[in-house]
Amino acid sequence: MKDARAVGVVANPASARDIRRLVAHGSSVTAHQKLNQLRRLMVGLGRTGVQQVLVMGDRSGIAIGLVEASGRPSGAGWPSVEIIDEDLTNTAADTVNATRRMVAAGVGVIVVLGGDGTHRLVADECGLTPIVAISTGTNNAFPIPLEPTVAGMAAGLVAGGRLDVERVARPAKMLEVRCPGSGRSERALVDVAILNTERIGSGAVWEPGTVEELFLCFAPPDGIGLSAIGGHLQPVDRHEPVGLAIRLAATGPPPSGAPTQRVAAPIGPGLIAEVDVASWSKLAVDQPVTAATTSGTVAIDGERMFRFDSELTVTLRADGPLVIDVAEAMEFAARSGLLTGPVAT
Amino acid sequence: MTELNQLDLYKEMVRIRQFEARVLNEYHADKSPAWDIGAGLIPGEMHLSAGQEPAAVGVCAHLKKGDAITAPHRPHHFALSHGVDMNAMMAEIYGRTTGLCKGKGGHMHLFDPENHFSCSGIIAQGYPVACGHAMAFKRKGTDHVAVAVAGEGAANQGAFHESLNLAALWNLPVVFVIEDNDWAISVPRSASTANTSNADRAAGYGMPGVRVENNDVEAVFEAAGAAIDRARAGEGPSLLEIHTVRLWGHFEGDAQAYRGAELETLDERDPIPAYAAAIGLSDDQVAAIKAEADSEVDAAVRFALDSPVPTADDALLHVFA
């Protein structure tokens with residue numbers, strides 16, 4: 001039974017702490033800052049009628065801190081807080097498990113605070129439950145910086161049925177990468193990069209010279225990360241029914257081929273790379289493309305994930321998670337007068 | 001950055017583990033009664049580093065002769081990885097005159113000026129010392145770096161914060177390495193620390209703070225390489241927190257009742273067999289690497305046992321600089 005007055009909250013405690021603070025100029029988002037963002041979110045949720053929040057448990061004190069804060073005078077008017085803390089592993093599996101439980105509990109909306117990777121994990125599990133995507137990562141393309149107070153209001157209006165989800169939320173695109181040789185299959189919200197390195201190491205991708213091929217769901221010219229490379233070849237909106245496939249030439253000899261274009265792309269915070277492109281083409285929805293590279297490492301949304309040594313296919317899908325456009329939601333709320341009324345006398 | 005060599009990383013982790021395993025056996029072999037830490041051929045407390053090898057190996061792979069390390073009370077893995085002579089180290093652990101400190105320091109006080117290695121049982125004491133090394137390197141115009149190593153509990157000491165402050169203020173070539181093994185002796189972070197990651201604390205001093213999860217030697221290698229390269233290039237200090245695992249007790253003899261069910265999970269969290277599998281080593285390769293390490297450790301134990309025990313007169317030698 002769906003309880004539209006309940007909202008799920010996933011806040012990744014590990015975001016914005018990786019090597020990109022050393023190899024680029026990534027900023028830190030501390031656990032205290034994340035907790036502070038959740039407090040602001042709670043105000044927005046409570047003010048719009050949300051009664052209960054299911055929050056992912058963690059070992060960084062964020063969820064427990066939220067419960068503790070809800071008992072203070074400043075927590076008056078907040079929804080009640082319940083922590084999902086069974087079987088915590090302090091790994092990405094916690095995000096997966098929490099999302100499943102939120103969906104099973106029938107929450108109206110899941111609010112996600114994290115980077116591209118966190119959102120990808122939620123997207124794989126959230127089904128038709130809409131999400132609000134708030135960036136607390138390093139170089140995020142999928143979630144954007146949002147004031148949690150306002151994001152909470154939008155989420156609350158949708159969860160409570162005062163805003164029609166079909167009017168203010170749209171499905172995101174995803175890329176499905178399959179490696180038939182190993183049976184491995186993953187989905188990406190932003191990009192799939194095929195790297196000529198064997199190293200998984202710290203995960204993050206920051207050396208453009210290691211990238212052989214790049215597949216993009218969308219390519220914003222004002223974005224940051226690998227998708228910015230595509231943004232300056234052929235801008236692709238996040239709702240346009242196409243993606244991009246790019247072959248880079250920075251790694252030298254054929255088969256990558258001679259470069260045809262050089263792009264100055266902001267691939268990380270404070271990190272602009274000159275990237276030579278051999279060729280690019282548009283990806284159509286549901287049309288599998290076979291990668292030219294047959295061995296190396298696959299990075300999903302900027303994180304090195306697995307090695308492969310056989311054929312890979314990449315397919316653009318249009319059935320990603322339903323993402324609430326907070327700006328659109330609040331504009332509709334304003335035009336509908338949902339948050340205005342006569343002065344009480 | 002130093003080129004990653006997976007086999008070298010694995011071999012060095014095994015070398016450390018076999019050293020620690022042998023010390024474990026030798027330490028307990030003649031302790032009678034078992035609770036008397038002064039008894040036996042190896043006297044004093046003993047803090048072994050099994051499980052924490054990825055931190056030392058991943059960091060030290062980037063260091064060169066002349067770089068400095070200050071280590072805490074659990075120092076063997078960093079000492080070995082930094083090139084401290086195994087014979088002299090073992091002799092010091094046995095309290096023999098051929099030891100690093102002529103047998104006066106024991107396992108918690110290993111000083112090797114030639115390799116700029118030092119350690120101490122005083123929690124967080126190594127942080128300001130590392131800053132001193134780094135300041136000297138900077139004033140001399142070298143590209144050497146200093147690495148300060150301690151556990152997550154040490155990051156609650158004032159010396160930690162004073163050191164981060166001055167390192168940032170003076171833009172010193174120092175890397176603060178925090179080994180987070182979840183236990184400050186028997187105290188979990190949740191009972192002692194307002195911050196849940198020490199990587200967060202770096203932000204307060206305007207330096208990069210990175211946390212490496214999963215005790216992954218290659219992830220440590222990459223992050224440490226980036227931090228050390230920054231320091232060598234004059235970009236200043238950084239903080240690297242490594243989430244690792246202490247496979248054995250805080251000290252030898254620690255019953256570890258406070259760890260509860262976690263004790264049941266330790267075998268599966270051992271980073272060495274996991275890495276052997278990750279890089280595809282065969283059983284024969286694993287056995288050969290272990291035998292090679294055992295051979296070196298055997299020789300070190302023989303060297304220590306064949307070395308003289310200090311006399312009463314030795315007590316008055318080398319006491320003051």
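**Exercise 1.** In which sense do strand E15 (residues 296-300) of chain A and strand E16 (residues 303-308) of chain A pair, and over how many bridges?

*Solution.* Keep in mind that you're looking at a predicted model. Start with the two strands: E15(A) and E16(A) run antiparallel, and five bridges link them. Next, look for a pair of partners: A:Gly296 stands opposite A:Phe308 in E16(A). Finally, check the turn. This hairpin has two residues between its strands, and A:Asp301 takes a positive phi near 50°.

**Exercise 2.** Work out how strand E7 (residues 174-179) of chain A and strand E8 (residues 184-188) of chain A are joined.

*Solution.* First, the pairing: E7(A) and E8(A) are antiparallel, with five bridges. Second, the partners: A:Cys179 sits opposite A:Arg184 in E8(A). Third, the turn: four residues lie between the strands of this hairpin, and A:Gly183 there has a positive phi of about 80°.

**Exercise 3.** Describe how helix H2 (residues 53-60) of chain B packs against helix H8 (residues 217-232) of chain B.

*Solution.* Begin with the geometry: the angle is about 40°, and the axes are 8 Å apart. Then take the handedness: H2(B) passes H8(B) in a right-handed crossing. Now pick out the residues. From H2(B) come B:Pro54, B:Ala55, B:Val57, B:Gly58 and B:Val59, and they meet B:Val217, B:Val220, B:Phe221 and B:Ala224 of H8(B). Sort these contact residues by type and you get eight nonpolar, one polar and no charged.

**Exercise 4.** Is B:Asn165 buried, partly exposed or exposed?

*Solution.* Find the residue first: B:Asn165 is in helix H6 (residues 158-169) of chain B. Then use the neighbour count. Buried takes 20 or more, exposed takes 12 or fewer; B:Asn165 has 14 C-beta neighbours inside 10 Å, so it counts as partly exposed. As an extra, try the distance to B:Glu3: the two are 162 residues apart in sequence and 32 Å apart in space, C-alpha to C-alpha.

**Exercise 5.** Does the radius of gyration of chain B agree or disagree with that of a compact globule?

*Solution.* Take the expected value first: for 321 residues, a compact globule would have a radius of gyration near 20 Å. Chain B has 19 Å, so it agrees. Now fill in the picture. The C-alpha trace spans about 50 × 50 × 40 Å along its principal axes, and chain B holds ten helices and six strands. Buried residues make up 50% of the chain. Lastly, of the contacts in chain B between residues at least 6 apart in sequence, 75% join residues at least 24 apart.

Definitions and conventions: Residues are numbered from 1 along each chain as its sequence is written. Chains are lettered from A and ligands numbered from 1 in the order in which they are written. This is a predicted model: local features need pLDDT of at least 70, side-chain atom pairs count only at pLDDT 80 or more; totals for chains, interfaces and linings use all residues. Axes are lines fitted to C-alpha atoms, for helices over the stretch in contact, and angles run from 0 to 180 degrees between N-to-C directions. A crossing is left-handed if the near helix is turned anticlockwise from the far one by less than a right angle, and right-handed if clockwise. Two residues are in contact if their C-beta atoms, placed from the backbone, lie within 7 Å. Ala, Val, Leu, Ile, Met, Phe, Trp, Tyr, Cys and Pro count as nonpolar, Asp, Glu, Lys and Arg as charged, and the others, Gly among them, as polar. The radius of gyration is taken over C-alpha atoms; the globule rule is 2.2 Å times the number of residues to the power 0.38. Two strands pair if DSSP finds at least two bridges between them.
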